[in-house]
Amino acid sequence: MHFVIMGCGRVGSLIATRLDADGHSVAVIDMDPKAFNRLPADFSGRRVTGVGVDRGALRQAGIKDAYAFAAVSSGDNSNIIAARIAQEVYQIEHVVARIYDPSRAHVYERLGIPTVASVKRTVDSVMRRMLPPDAAVTWTHPTGEVSLVTATPEVSWYGLPFPVVEELTGERIAFVSRLGVVTPARSDLVVQEHDQLYFAIAGKESTKLRSLLTSDPRIED
């Protein structure tokens with residue numbers, strides 16, 4: 001498959017290097033030719049000097065044949081404009097834009113462009129590594145009969161299918177927050193690093209669930 005990366009900074013060069021190492025066709029666009037020095041000597045992809053919002057540069061990078069496009073330069077505006085061009089003009093289905101201002105994320109998401117907010121993502125990642133796994137009640141029905149518990153499982157739960165987690169905890173997973181996107185739980189999903197699981201429980205006591213998720217899962221042979 002062919003991939004086009006706009007921006008050859010630390011993020012863009014690493015993405016391009018990994019894709020190239022996996023045997024994919026890759027083109028990297030950057031306005032500073034010195035930025036390509038971040039790519040390894042054996043990088044076999046295309047290096048396109050230019051602005052990622054310029055259609056000439058995009059065509060030179062093979063945008064028409066691209067499976068996916070990533071705008072990861074240092075400018076929020078350039079990233080979102082380039083992402084929209086790739087999506088709307090060249091009909092690239094898989095597009096993602098990196099942004100530095102997390103307050104803009106919801107605006108770009110409404111345009112149908114997935115975004116990665118660098119600052120927020122970094123803060124969330126650091127916090128998850130500093131704090132122990134936990135489970136806390138985030139909402140309770142006025143009757144007190146039903147609650148929504150947000151839980152961060154222990155590392156040992158990673159890779160377990162959601163149905164297995166539900167069986168081990170005795171609780172139903174209603175939603176999952178993954179990479180800033182909240183979606184309904186599905187039976188084909190597995191627990192991944194940084195997942196926040198939303199359990200629908202009876203009552204409002206989360207102690208048992210917290211105890212289970214902060215310990216190794218007890219899986220019967």
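**View 1. The main nonpolar core of this predicted model holds 24 residues and is the largest one.** Val4, Ile29, Leu58, Ile63, Phe69, Ile92 and Val95 have the most contacts inside this core. Here a nonpolar core is a set of buried Ala, Val, Leu, Ile, Met, Phe, Trp, Tyr and Cys residues joined through side-chain atoms within 4.5 Å, with buried meaning under 20% relative accessible area (1.4 Å probe, protein chains only). Helix 3 gives the most to it, 5 residues. A second, separate core of 16 residues includes Val165, Val176, Val191 and Leu213.

**View 2. Meet helix 3, residues 76–89.** Helices are DSSP runs of H or I with at least four residues, and strands are E runs of at least two, numbered from the N terminus. Among the buried residues of helix 3 are Asp76, Asn79 and Gln87. Just after the helix, Gln91 takes a positive phi of about 55°.

**View 3. An open sheet of 5 strands runs in the order 7-8-11-9-10, with antiparallel pairing.** Two strands count as paired if DSSP finds at least two bridges between them. Strand 7 (135–140) and strand 10 (181–184) each have a single partner strand, so one side of each lacks a neighbour in the sheet. Strands 7 and 8 (146–151) pair over 5 bridges, and Thr140 has Ser147 in strand 8 as its bridge partner.

**A note on the model.** Residues are numbered from 1 along each chain as its sequence is written. In this predicted model, local features need pLDDT of at least 70 and side-chain atom pairs count only at pLDDT 80 or more, while totals for chains, interfaces and linings use all residues; side-chain values use heavy atoms, leaving out hydrogens and water.

Terms used
Buried means under 20% relative accessible area, exposed over 50%, partly exposed in between (1.4 Å probe, protein chains only).
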